[in-house]
Structures are given as C-alpha cells and as structure tokens.
Amino acid sequence: MTSSNTPSTVDKGLVVSFGEMLIDFVPTESGVSLSESSGFLKAPGGAPANVAIAVSRLGGRAAFVGKLGDDDFGHMLAGILRKNGVDDQGINFDKGARTALAFVTLRSDGEREFMFYRNPSADMLLRPDELNLELIRSAKVFHYGSISLITEPCRSAHMKAMEVAKEAGALLSYDPNLREPLWPSPEEARIQIMSIWDKADIIKVSDVELEFLTGNKTIDDETAMSLWHPNLKLLLVTLGENGCRYYTKDFHGSVETFHVDAVDTTGAGDSFVGALLNQIVDDQSVLEEEERLRKVLRFANACGAITTTKKGAIPALPSDCEALSFLKRQIET
C-alpha cells in the first residue's frame with residue numbers, strides 16, 4: 001500500500017530516505033537512569049524515518065526504504081509512515097528478527113543514556129537483493145545516515161542503494177547521526193562514517209559529530225572545512241541553540257536559530273534536514289545563491305526549533321502551516 005498523493009504534491013520531486021526505523025522507549029520520569037525508571041512510553045523514531053515524515057508533513061513527497069520485524073511493532077511503524085503520507089513500497093519485513101528497540105533516558109547530569117536491543121534487529125538484515133530499485137531510481141534526493149553501515153548485509157544494501165540513486169541522478173544527502181554505543185569502537189565508527197564521505201552532495205553534521213570526526217574541540221570554519229571534499233555542494237554544521245553554519249565552494253556563513261522553551265531535542269536535527277531537503281528537491285540552484293540558501297536555512301532552523309517544543313520526534317515535526325505561522329510570529333515580535 002502506498003500513500004495517496006494530493007494534487008499539490010504529485011508533481012513534487014521524491015525524497016527517498018534509507019536506513020533504520022525503530023521504537024524509542026522513553027522513561028515516564030526525568031533525571032533517572034534506565035534501571036531506576038518505573039515506566040516507559042513508546043516513541044517511534046529512527047533518523048531516516050523521521051526525515052521522511054518531516055518532508056511529508058511539510059507538503060513534500062517522501063518514501064522510506066528499510067527493514068522492520070514482521071511483528072506488532074514493525075507493522076505499527078509501517079502504519080505510522082503511511083498515516084503520515086510516506087510511501088512504504090521500500091519496506092521489507094523480516095520474519096526471523098525483531099524490530100529494533102532503544103531505551104533512552106536523560107540522566108540528572110543532562111547526558112542521554114542509550115540501551116539498544118538489536119542483536120540483530122530486522123533493519124540490520126536488509127539485503128541488496130531486497131531493495132526496491134525502481135523506487136530508489138525515482139528519487140530526486142536520496143538521504144541516509146551511518147547506522148546502516150555498521151554490519152552486513154545492511155552495509156552492502158546501503159552501498160548498492162546509494163550507487164543506484166547516484167547513477168539515476170539523485171542528489172545524495174548524508175547525516176551521519178552518530179550513535180557511539182552501536183559501534184564496536186570509536187575508531188571503527190570514524191573509519192566507516194568517513195568511508196562514504198566523498199560520495200555525498202550534501203552533508204549535515206552536529207557540532208558534537210564535527211568534534212568526533214575531526215578530533216578538534218574548536219568548532220570553527222577551519223575545522224569544518226577540513227571535512228570538505230571536492231564534489232560537495234553544501235556542508236552544514238548544526239549548533240543547537242546557536243543555529244547553523246553553512247559552507248559551499250563559493251561562500252560560507254551562519255544563520256541564527258529561534259529561542260524557544262525546549263522540552264525535548266529529539267528529532268530537531270531530522271526536522272531541520274527534512275525542511276532543507278523539501279525546499280531544495282525541486283530547485284537545487286538554491287545551493288548556489290547565498291541569500292536564497294540563507295532563507296531556506298532560516299526555515300529549516302524554525303522547523304528544528306518547533307520540534308524541540310514537544311516531546312518525541314515524530315509527534316513534534318511541524319506542518320508547513322505551523323512553520324510559516326511560527327516564522328510570522330517571530331517577525332512580529
């Protein structure tokens with residue numbers, strides 16, 4: 001079953017998001033360790049799936065490619081994608097492995113603590129021969145992270161999908177979305193994340209990821225540009241409440257974000273990426289014109305900020321109307 005396209009979205013370019021979709025279990029109380037929590041709420045997530053839903057919420061066309069367990073949680077997640085207008089033709093179900101789960105808590109010291117249940121989970125078992133190549137070839141933008149690079153056969157599926165999308169003329173968008181506990185070691189994470197670096201047209205990293213990948217604690221232009229590669233069209237560094245920095249071959253700068261009462265930062269980066277991709281999918285010339293790019297990044301920052309004002313990633317992703325009225329209010333105040 002696929003999502004129905006309204007007349008306004010049917011002519012839009014397709015953003016295909018590849019990777020993991022899982023369920024985060026979030027404690028019902030704050031500031032406690034996972035073992036101390038008395039209860040958990042289930043929150044659907046997974047960065048690539050969040051991006052697909054973010055695009056769709058903003059009026060764009062999105063599809064998700066990945067693998068879920070043939071279990072209640074897997075079918076629930078596929079249903080959430082459909083409900084949010086995301087094309088599900090790229091989803092496979094695995095009868096032998098469960099849908100990935102993650103238990104996430106914010107400790108009293110402010111650090112997030114993760115415990116993942118994927119040994120292996122269905123998303124890790126996606127094979128190259130299971131890919132919906134027709135769907136991937138129809139992408140104008142192909143977006144992915146790095147979690148799908150951790151183990152085989154998913155790594156090979158990732159490489160194949162990326163290659164097919166590139167050959168078909170898609171713009172490749174990469175958000176590493178570092179989750180250190182999932183990797184065998186920090187060194188392995190760095191090597192694998194960088195192994196596909198020079199394939200991407202657009203790369204977005206957070207300030208924490210920039211420090212991790214470069215080994216440099218100073219977040220400045222020189223550090224960011226050490227990650228530049230000749231085929232890159234846009235490098236973005238998100239700085240949380242300090243907005244974002246952008247780099248192209250011809251210009252660079254920064255765009256401030258909007259100050260809001262943040263409740264939960266989960267999904268803010270995915271909201272930012274989804275907003276950016278939806279704005280450029282049908283007009284990539286934006287990447288070559290600084291004033292237009294700054295306007296798009298301001299909109300993306302607004303979407304990221306809105307997402308922090310509600311709990312959970314997917315429930316907090318804004319619609320186009322929400323984002324535009326938020327921006328209008330900011331101008332008026």
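**Exercise 1. Is E322 buried, partly exposed or exposed?**

*Solution.* Begin with the source of the coordinates: this is a predicted model, in which local features need pLDDT of at least 70 and side-chain atom pairs count only at pLDDT 80 or more, while totals for chains, interfaces and linings use all residues. Residues are numbered from 1 along each chain as its sequence is written, and side-chain values use heavy atoms, with hydrogens and water left out.

Next, fix the classes: buried means under 20% relative accessible area, exposed means over 50%, and partly exposed lies in between, with a 1.4 Å probe and protein chains only. E322 has 30% relative accessibility and therefore counts as partly exposed.

**Exercise 2. Work out which residue E322 pairs with in a salt bridge, and where the two partners lie.**

*Solution.* A salt bridge is a side-chain nitrogen of Lys or Arg within 4 Å of a carboxyl oxygen of Asp or Glu. E322 satisfies this with K310, the closest N and O atoms being 3.3 Å apart. The pair links distant parts of the chain, since E322 is in helix α11 and K310 is in the loop between α10 and α11, 12 residues apart. Helices here are DSSP runs of H or I with at least four residues, strands are runs of E with at least two, and both are numbered from the N terminus. K310, at a relative accessible area of 33%, is also partly exposed.

**Exercise 3. Trace the salt bridges of R127 and classify the accessibility of each residue involved.**

*Solution.* A search of the whole structure finds 16 salt bridges. R127 forms one with D129, where the closest N and O atoms are 2.9 Å apart, and another with E130, where the corresponding separation is 3.5 Å. As for accessibility, R127 is partly exposed because its value is 38%, D129 is exposed because its value is 60%, and E130 is buried because its value is 17%. Through shared partners, salt bridges join K67, D94, R127, D129 and E130 into one network.

**Exercise 4. Describe how helices α9 and α10 pack, and which residues make the contact.**

*Solution.* Helix α9 covers residues 268-280 and helix α10 covers residues 290-307; they pack at an angle of about 150 degrees, with their axes 8 Å apart. The axes are lines fitted to C-alpha atoms, for helices over the stretch in contact, and the angle runs from 0 to 180 degrees between N-to-C directions. The crossing of α9 and α10 is right-handed, the near helix being turned clockwise from the far one by less than a right angle.

With contact taken as heavy atoms within 4.5 Å, the residues of α9 that take part are A268, S271, F272, A275, L276 and Q279, and those of α10 include V296, L297, F299 and A300. By class, the contact has nine nonpolar, five polar and no charged residues.

**Exercise 5. Check the length of α10 against its expected span, then say what covers its buried residues.**

*Solution.* The expected span of a helix is 1.5 Å times one less than its number of residues. For the 18 residues of α10 this should give 26 Å, and the end C-alpha atoms are 25 Å apart, which agrees. The buried residues of α10 include L293, V296, C303 and I306. Their cover includes β11 (234-238), β12 (244-247), β13 (252-255), α9 and α11 (320-332).

**Exercise 6. Locate the residues with unusual backbone geometry.**

*Solution.* As background, most residues other than glycine have a negative phi, and most peptide bonds are trans. The peptide bond from N119 to P120 is cis, with omega near -10 degrees, and P120 lies in the loop between β7 (112-117) and α4 (133-137). The bond from E152 to P153 is cis as well, with omega near 5 degrees, and P153 is placed in the loop between β8 (139-144) and α5 (154-167). Finally, N177 has a phi near 50 degrees, a positive value in a residue other than glycine; N177 lies in the loop between β9 (171-174) and α6, and counts as buried because its relative accessibility is 13%.

How values were computed: Nonpolar A, V, L, I, M, F, W, Y, C, P; charged D, E, K, R; others polar.
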